[in-house]
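Please work through the exercises below with the sequence and the model beside you, and try each task before you read its solution.

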Amino acid sequence: MQIKSTTIEFIATSDLHFDPENPRLPRTVKGDDEEAVINWMLENENVTELMASIAEKGFFAAEPLLVQESSLKGQYIVIEGNRRLTAVKLLLKPELAKIRKSTIEEIISEGKHVNTLSELPVIKFESSEDIQLYLGYRHITGVQPWDSLAKARYLKKLKGTLNEPDEQKVLKSLAKIIGSRTDHVKLLLTGLDVYNRIENDGFYGIEGLNEKTVKFGVLYTAINNSNIADFIGLDFDKPDSLSEIKQDNLAEVTKWMFEKNSSGFTRLGESRNLRLLNKVVENDKALEAFRKEKSLQDAVLLTDEPLEIFRISINDALSKIQTARDYVHLVDDKNSSYEDVLLEIRQISKSVSSSLKARFLEDDED
């Protein structure tokens, strides 16, 4: 990485500005609106605790802000350290706060180092690409990881800095930068595109669902299931994977995953049930039942899932009992529980066999 200066410089706090493309900021907050950013940070990022620490101990010069020169001469955009910049700006201008005013006033009145914050330590980065590479190391593979939505936004931003027309090569480069797999990078970026579509459509009016409450991990895991991806019209093999998106189906899946009933539960339930939903959307009869308010567990009974579970379980049971047979000659302890377990296995096996025969007879009669 090419850094403009290897030494820490001090810059007037008034010349430092928030990053308008900070991946942690919601899209509803404009990064160039200082007051809006400060109050969002104040409400969502535990800034008052940081303010108290800085006011008491001062700004730690060994952890400088990382900045890039803005289009205005002498002004800088803080790419890394927006939360700390918020804390300092509030200590210097508490009137910017719309909430927690009394707490902030108390912190300032007790602080020993508030009057030392007119300048802050920074390191200047030469290019946007250099600083994005650093952020990938620090917040994706490093000690201060972002959540999955922020990671996806970072990847989208970093992708824009790579001058490479070949999509696959871009994905490989991104994967190397963050120490991940190409397919996972593709999944995160596609998940972000799907999320943006949902957000642009107002989260389909789902009460309480917003950028802060949405579980992005559930969303991108859902589209990683091939039947769900097909159901919403997602095509990972196309450059524009959302070109044929089925908006109504996307709305349905979003509501199934995130819309809660009066008891606080979604139609999906736990995220592990995505496997069941993947089966249901593939089967017309099961899908119709689910749409008519049958539970996911009831709807999946109309698919081949129960037969698949039965087949796998029978084969696993056979494999395990064969293994027991191969090792029985090594058993030298007299434990009566073995006989009890084997008797139960025999009884269950007979019961399953009888049930199968009865089903076959019913089918023959039909």
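The exercises that follow treat salt bridges, a cavity, a pocket, a surface patch and backbone angles in turn.

This is a predicted model, in which local features need pLDDT of at least 70 and side-chain atom pairs count only at pLDDT 80 or more, while totals for chains, interfaces and linings use all residues. Residues are numbered from 1 along each chain as its sequence is written, and side-chain values use heavy atoms, with hydrogens and water left out.

**Exercise 1. Salt bridges**

Task: Find which residue forms a salt bridge with E9, and state in which strands the two partners lie.

Solution: Begin with the general idea that side chains of opposite charge can pair when their charged atoms come close. A salt bridge is counted here when a side-chain nitrogen of Lys or Arg is within 4 Å of a carboxyl oxygen of Asp or Glu, and the structure holds 16 salt bridges. The partner of E9 is K124, with 3.0 Å between the closest N and O atoms. Next, locate both residues: E9 lies in strand β1 (residues 9-12) and K124 in strand β5 (residues 119-124), so the pair ties together parts that are 115 residues apart in sequence. Helices (H or I, at least four residues) and strands (E, at least two) are DSSP runs, numbered from the N terminus. Last, compare the accessibility classes, in which buried means under 20% relative accessible area, exposed means over 50%, and partly exposed lies in between (1.4 Å probe, protein chains only). E9 is partly exposed at 26%, whereas K124 is buried at 13%.

**Exercise 2. Two further pairs**

Task: Work out where the partners K157 and E21 lie, and then do the same for R291 and E252.

Solution: The side chains of K157 and E21 meet in a salt bridge at 3.7 Å, N to O. K157 belongs to helix α6 (residues 148-159) and E21 to the loop between β2 (16-18) and α1 (34-44), so this pair ties together parts 136 residues apart in sequence. K157 is buried, with a relative accessible area of 19%. For the other pair, R291 and E252 form a salt bridge at 2.8 Å, N to O. This pair links distant parts of the chain, with R291 in helix α13 (residues 284-291) and E252 in helix α11, 39 residues apart. R291 is partly exposed at 39%, and E252 is partly exposed at 22%. To finish, note that salt bridges that share partners join D19, E21 and K157 into one network.

**Exercise 3. The largest cavity and the largest pocket**

Task: Determine which element gives the largest share of the lining of the largest cavity, and which gives the largest share for the largest pocket.

Solution: On a 1 Å grid over the protein atoms alone, a cavity is a set of points where a 1.4 Å probe fits but cannot get out, and a pocket is an open set with protein on both sides within 12 Å along at least five of seven lines; lining residues have an atom within 4 Å of a point. The largest cavity holds about 30 Å³ of space. Its lining consists of L219, A222, I223, I232, L250, V253, T254 and M257. Two or more residues of this lining come from each of α9 (216-223) and α11 (247-258), and the largest share, four residues, comes from α11.

The largest pocket has a volume of about 650 Å³. It is lined by 20 residues, and the closest to its centre are A317, K320, I321, L342 and I345. The elements giving two or more residues to this lining are α15 and α16, with the largest share, nine residues, coming from α15.

**Exercise 4. A nonpolar patch**

Task: Identify which element gives the most residues to the nonpolar patch on the surface.

Solution: A patch is made of residues with over 30% relative accessible area and no salt bridge, where like charges are joined within 9 Å and nonpolar side chains (Val, Leu, Ile, Met, Phe, Trp, Tyr) within 5 Å. Here L307, F310, I314, L356 and F360 form the nonpolar patch, with about 480 Å² of accessible area together. Helices α15 (305-327) and α16 (336-365) each give two or more residues to the patch, and α15 gives the most, with three. One of the patch residues, F310, lies in α15 and is partly exposed at 36%.

**Exercise 5. Positive phi**

Task: Decide whether F203 is buried or exposed, and find where R100 lies.

Solution: Most residues other than glycine have a negative phi. R100, which is not a glycine, has a positive phi of about 55°, and R100 lies in the loop between α3 (82-92) and α4 (101-110). F203 also has a positive phi, near 55°, and its place is in the loop between α8 (182-200) and α9. At 9% relative accessibility, F203 counts as buried, whereas R100 is partly exposed at 37%.

How values were computed
Accessible areas come from the Shrake-Rupley method with a 1.4 Å probe; for residues, only the protein chains shown count as cover. Grid points are joined across faces, edges and corners, and a volume is the space filled by probe spheres set on the points.
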